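Me: Please take a close look at the empty spaces in this model, and at the helix packing around them. I would like one connected account that I can follow with the structure open beside me.

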Amino acid sequence: MMDCRRKAQISRAILVLSTVVTGSMALVIFLFLFRFSLPLFSSGSLGKFLSKNWDPDAGAFGVYPMIAGSACIASLAMVLAAPLGVALAVFMELYAGSRFSRFLRYFVELMSGIPTVVYGFSALFILVPLVRNTFRYGSGFCVLSASLVLALLVIPTVSLITMDRIREVPRDFVLAAGSLGASRLETLLRVQLPYAWRGVISAVVLGGGRALGDTIIALMLAGNAVSVPSSLLDSARTLTAHIALVSAADYESLSFKAIFLCGLVLFLFSMFSIVFLRVVERLKE
Amino acid sequence: MSASAGNWKIAVENLDVFYGTRQVLKNVNVEAAEKSLTCIVGPSGCGKSTFLMAINRLIDEIPGAKAKGKIRVKLNDSHPMDVLKLGDDRLPQLRRRIGLVFQNPNVLPMSVFNNVAFPLKIMRARKKEIEEKVENALKKVSLWEEVRSRLNYPARELSGGQQQRLCLARVLAMGPEILLLDEPTSFLDERLAIKIESLLMELKKEITIVMVSHYLSQVNRLADRVYRLG
C-alpha cells in the first residue's frame, strides 16, 4: 500500500504535468503559427501581405482588408457592448431587486451559453432584412449587422464580469458610504465602480477578445467582401472568417502562409490583451 | 415605554431587529435627550452595533435584516418622525443628519482628504467650503497636524487610531444633529482617548450623542444616561 508521502508526490507530479501541458500549449501554438508564417518575414515579402489586395489567382495575398474588417467590426461591437454591459450590471445590482436580479442573471448566463451560430442564424432572418430595408443600401450583410450581433454576444461577458467585480467590493465600503449619506447610485459611482475599475476594464478587454475572435457571426453576417470598409453598411471580411473561407491544400503555397499570418495577428492581439490586463491589474490605486 | 413629553431627541419603542430568522434585539426601549450623551452598554454580541445601525436605518443595507417597532426622532426643522416608516428615498438625507461612526475604522478606498470630503461632495458643497470643513474636522479630532502633509495619501496607510479619528472627522464634517458612536476610542491610546472624550463633552453641548462603550470608567465620565442591552 502506498504511503501518504508517495501519494502526495504522484498528485504533485500530475498537477505539474497538467500545468506544463496547458501552459505550453499557448507557446506551441505561437511557435506553430510563427514557423509557418516565417517565410513571409524572411523573404522580405511581409509588406506585400499587409497590402490591400487579395487575389490568389493573380498572386496577391494582402490581408490588410481582413485586419481592417476585424478591427472595425470588433471595435463597433465593443463601443456598443461595453456601455450596455456595464449598464446592465449596474441595473442588476442596483435597481432590479434581488429576485428579478437573480432572474436576469440566469437569463444573461443563458445568453452567454447560446451557440454563436444560433445568434447568426436568427440575425440572418431578422436583422439582415431589417438593416437592408431600413437603410435601403446594400444587402444588409455588413459591418453594422455583424457588430450588432457581436455586441449582443459580448454583453453577457461584460455584464457578468462587471457585476462580479462590483459585488467583490468589500461590504464595509458600501456601509461606510451609506452611513455618510450616499445613495445607492452615489455609492456605486463614487465607491464601488472606482474600486472595481480594473475589473470593469478586464471585462471590456475580454469581451473585445471574444468579439475579435468570433468566427461564425462575422462569417454569416458581415458579407465577407475582401475590401476595407468605408461605411458601416459596407461588407467586410474578418481575419477569422478569412481563415475559414480560404481553402489551400498546398502547404507551401503563399495562400496557406497568408492564413497563418492571419492566425498570428489574432494570436498577437490576444497576447497583447492579456499583457494589457496584467498591467492594469498591477496599477496602483 | 412611550416617549415622554420631555426634551427627547430619539425615542426607541419596542424595537425588535431580526437577521433573517435570528432575533438580535428584542423589545428595546431607549430615550435619548437632546444635547446629551446616552451610553449603551452590554455584553459582546448583544446587538449594540445593530441598535445604532437601526437608528439611521443603515441596517437596511444588510441583506436579510429587518426592524420592527418605533424609532422616533426629532430633527431640527421637521416634526417628530418614525424613521422605520421613512421611504428609501429619504434615507441618504436622514443619514447625513444622524452620523454613525463604526467600531472598526472603515475608511473608504481613497485619500485622507477625500475620505473627509466624501459626504461634503455628495452634499454638493463648494470646493472652498469643503477644504475648510475638512481642515476643521481633522483639527477637532486632533488629526490635522499628523496628516496635513499626507492629505493625498491613501487613508488605509494611516494607523488604526488615525483611521478611527479620520472616521469621526468624516462624520463631524457633515455637521450631524445626532452622532452615533460605536466604541469611538477602542483603537486609541489613553492620551488620545482623553482628547476624544473631551471633544465629545464639547460636542454634546450642541448635538445629541448615543454611544456604545465597553469602558465603564468612560461611561461614568461621559454619560448622562446609560442603558444596558442584553
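Reply: What follows goes through the pockets, then the cavity, and then three pairs of packed helices. Please keep in mind throughout that this is a predicted model.

The largest pocket has a volume of about 1,000 Å³. Its lining counts 36 residues, and those closest to the centre of the pocket are A:Glu93, A:Leu94, A:Arg171, A:Arg184 and B:Glu61. If you trace the lining by secondary structure, at least two residues each are supplied by helix 3 (64-94), helix 4 (98-113), helix 7, helix 8 (171-179) and helix 9 (184-195) of chain A, and also by helix 2 (91-97) of chain B. Helix 4 of chain A gives the most to this lining, with six residues. Sorted by class, the lining of the largest pocket holds 16 nonpolar, eight polar and 12 charged residues.

The second largest pocket encloses about 200 Å³ of space. From chain A, the residues that line this second pocket are A:Arg171, A:Asp172 and A:Leu175, while chain B brings B:Ser49, B:Leu52, B:Met53, B:Leu100, B:Phe102, B:Gln103, B:Asn104, B:Asn106 and B:Asp182. Helix 8 of chain A and helix 1 (48-55) of chain B each supply at least two residues of that lining. By class, the lining of the second largest pocket divides into five nonpolar, four polar and three charged residues. A:Arg171 is worth finding on the display, since this residue is among those closest to the centre of the largest pocket and is also one of the residues lining the second largest pocket.

Turning from pockets to closed space, the count comes to one cavity of 30 Å³ or more. The volume of the largest cavity is about 40 Å³, and its walls are formed by A:Ser70, A:Ile73, A:Ala74, A:Leu150, A:Ala211, A:Leu212, A:Asp214, A:Ala218, A:Thr238 and A:Thr240. The elements giving two or more residues to this lining are helix 3 and helix 10 (197-213) of chain A, and helix 3 of chain A contributes the largest share, three residues. In terms of class, the cavity lining has six nonpolar, three polar and one charged residues.

The helix packing can now be added to this picture. Two packed helices are described by the angle between their axes and the distance between the axes.

Helix 8 of chain A, which supplies residues to the linings of the largest pocket and the second largest pocket, packs with helix 9 of chain A at an angle of about 155°, the axes being 10 Å apart. Angles over 145 degrees count as roughly antiparallel, and helix 8 of chain A and helix 9 of chain A are therefore roughly antiparallel to each other. Their crossing is right-handed. On the side of helix 8 of chain A the contact is made by A:Phe173, A:Val174, A:Ala177 and A:Gly178, and on the side of helix 9 of chain A by A:Thr187, A:Val191, A:Gln192 and A:Tyr195. The contact of helix 8 of chain A with helix 9 of chain A comprises five nonpolar, three polar and no charged residues.

Helix 7 of chain A (residues 143-167) takes part in another packed pair, with helix 6 of chain A (residues 127-135), where the axes come within 10 Å and cross at roughly 135°. These two helices are therefore oblique to each other, and helix 6 of chain A passes helix 7 of chain A in a right-handed crossing. Here A:Leu127, A:Val128, A:Val131 and A:Phe135 of helix 6 of chain A meet A:Leu144, A:Ser145, A:Leu148 and A:Val149 of helix 7 of chain A. By class, that contact has seven nonpolar, one polar and no charged residues.

The last pair lies in chain B, where the axes of helix 6 (residues 160-173) and helix 7 (residues 190-203) come within 13 Å and cross at roughly 15°. That angle makes helix 6 of chain B roughly parallel to helix 7 of chain B. The crossing of helix 6 of chain B and helix 7 of chain B is left-handed. In this contact B:Arg165, B:Leu168 and B:Leu172 of helix 6 of chain B meet B:Leu192, B:Ile196, B:Leu199 and B:Leu203 of helix 7 of chain B, and the residues divide into six nonpolar, no polar and one charged.

Conventions. Residues numbered from 1 in each chain as written. Chains lettered and ligands numbered in written order. Predicted model: local features only at pLDDT ≥ 70, side-chain atom pairs only at ≥ 80, totals over all residues. Heavy atoms only, no water. Axes fitted to C-alpha atoms, helices over the stretch in contact; angles between N-to-C directions. Helix = DSSP H or I, 4+ residues; strand = E, 2+ residues; numbered from the N terminus. Parallel < 35°, antiparallel > 145°, perpendicular 65-115°, else oblique. Left-handed = near helix turned anticlockwise from the far one by under 90°. Contact = heavy atoms within 4.5 Å. Nonpolar A, V, L, I, M, F, W, Y, C, P; charged D, E, K, R; others polar. 1 Å grid on protein atoms, 1.4 Å probe; cavity = no way out; pocket = protein on both sides within 12 Å on 5 of 7 lines; lining within 4 Å. Points joined across faces, edges and corners; volume = space filled by probe spheres on them.
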